[in-house]
Amino acid sequence: MGNVLLGAISLGSLWAVMALGVYITYRILDVADLTVEGTITLGASICARLLSGGINPWAATLVAAVVGMLAGLCTGLLHTKLRIPPLLSGILTMIALWSVNMRIMGKSNVSLLRIETVFSPLQKLGLSKNMSILIVGVACVVVVCVLLYWFFGTELGSAVRATGSNAQMARAQGINTNNMKILGLMISNAMVGFSGALIAQNQSYSDIQMGTGSIVIGLASLIIGEVIFGTRTFKRTLVSVSLGAVVYRIIIAVVLKMGMDSNDLKLFTAITVAVCLSLPLIREKLFRGVSQKKGGAA
């Protein structure tokens, strides 16, 4: 069981980067960006092809982040320049990326067996695969959180946050909200592409279907983290979202260990997200019921 939990925690650290990307669009920009489902596969496919060609693993992973940024740019342009609703813009980009990913890989999947990855140097030092993944994953999450905390504390980052909070007020302050939306989508999808590259190296292959349901996984991680660890400050929120991805993976590992059919995982995830989203309403009704009982007793 200990090895199962270590594997879940290490995998959760890789998905945490993607969850932070989802947080930027869903919470900061107030947009449900479905580009994620295509971008995570895009990052994986680009990384897989580059690694197959002998490119340095870290260079391939960073290229995946840059290409993911371009996917976010496409969604942003569709929304801001062509006035297509953000949800539909994400869907259009996601559909287009399926063909792009097939073109990049040349087939439905690319194997990375016996190919050097970002985890290989640690494994050569004698560390187990899960421990190597955990160290790299945690290091990446820490770096991403530090960069996000710094960026969103700058004037430009504050403009992005203001755009998501109240676009009309932001425009009144002279902020170009369209540019801020594009920037937010680019940063988000860069992180998703980066995460996709890490996940592909972890599972030793890139597959055209690996992005299916990733937006739900990101939302589950985000909401679980917020509910369990809180969101009092921006710094705490970043940590909560990261830990939420780890907790989600632990939950999945436990239910699988208990005998749940893997085909039911997506249903379980959807129910988990629905329950977490309804928690504020449940708390409010419970609090109101308790207050009414106290008032009646008085």
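These legends accompany several views of a predicted protein model.

**Figure 1. The whole chain, made of helices and two strands.** Let's start with the full picture: the predicted model holds 12 helices and two strands. Read from the N terminus, the elements follow the order α-α-α-α-β-α-α-α-α-α-β-α-α-α. The radius of gyration is 20 Å, close to the 19 Å that the globule rule gives for 298 residues, so the protein is as compact as a globular protein of that length. Along the principal axes, the C-alpha atoms fill a box of roughly 75 × 50 × 35 Å.

**Figure 2. Inside and outside of the protein.** Of the 298 residues, 49% are buried. When we look at contacts between residues at least 6 apart in sequence, 77% of them join residues at least 24 apart. On the outside, about 14,500 Å² is exposed, and carbon and sulfur atoms supply 65% of that area. The protein also carries 23 positive and 10 negative charges, and the mean positions of these two sets are 4 Å apart.

**Figure 3. Helix α7 and its buried side.** Here we turn to residues 155–165, which form α7. Which residues of this helix are buried? They are G157, A159, V160, T163 and G164. These residues cover an arc of only 155 degrees around the axis, which puts them on the same side of α7. A handy reminder for reading this view: an α-helix has 3.6 residues a turn, so residues three or four places apart point the same way. The face turned away from the buried side of α7 carries E155 and S165, both exposed.

**Figure 4. R83, a loop residue with a positive phi.** This view takes us to the loop between α3 (57–80) and α4 (86–105), where R83 has its place. Although R83 is not a glycine, its phi is positive, at about 60 degrees. Is R83 buried or exposed? Its relative accessibility is 63%, and anything over 50% is exposed, so R83 counts as exposed.

**Figure 5. S204, a loop residue between a helix and a strand.** Our last stop is S204, placed in the loop that lies between α9 (177–203) and β2 (205–207). S204 has a positive phi of about 65 degrees, and it is not a glycine. With a relative accessible area of 18%, S204 is buried, whereas R83 of the previous view is exposed.

Notes: Residues are numbered from 1 along each chain as its sequence is written. This is a predicted model: local features need pLDDT of at least 70, side-chain atom pairs count only at pLDDT 80 or more; totals for chains, interfaces and linings use all residues. Side-chain values use heavy atoms; hydrogens and water are left out. Buried means under 20% relative accessible area, exposed over 50%, partly exposed in between (1.4 Å probe, protein chains only). Helices (H or I, at least four residues) and strands (E, at least two) are DSSP runs, numbered from the N terminus. The arc is that of the directions from the helix axis to the C-beta atoms. The radius of gyration is taken over C-alpha atoms; the globule rule is 2.2 Å times the number of residues to the power 0.38. Contact means heavy atoms within 4.5 Å. Accessible areas come from the Shrake-Rupley method with a 1.4 Å probe; for residues, only the protein chains shown count as cover. Lys and Arg count as positive and Asp and Glu as negative; His and the chain ends are not counted. The place of a charge is taken as NZ of Lys, CZ of Arg, CG of Asp or CD of Glu.
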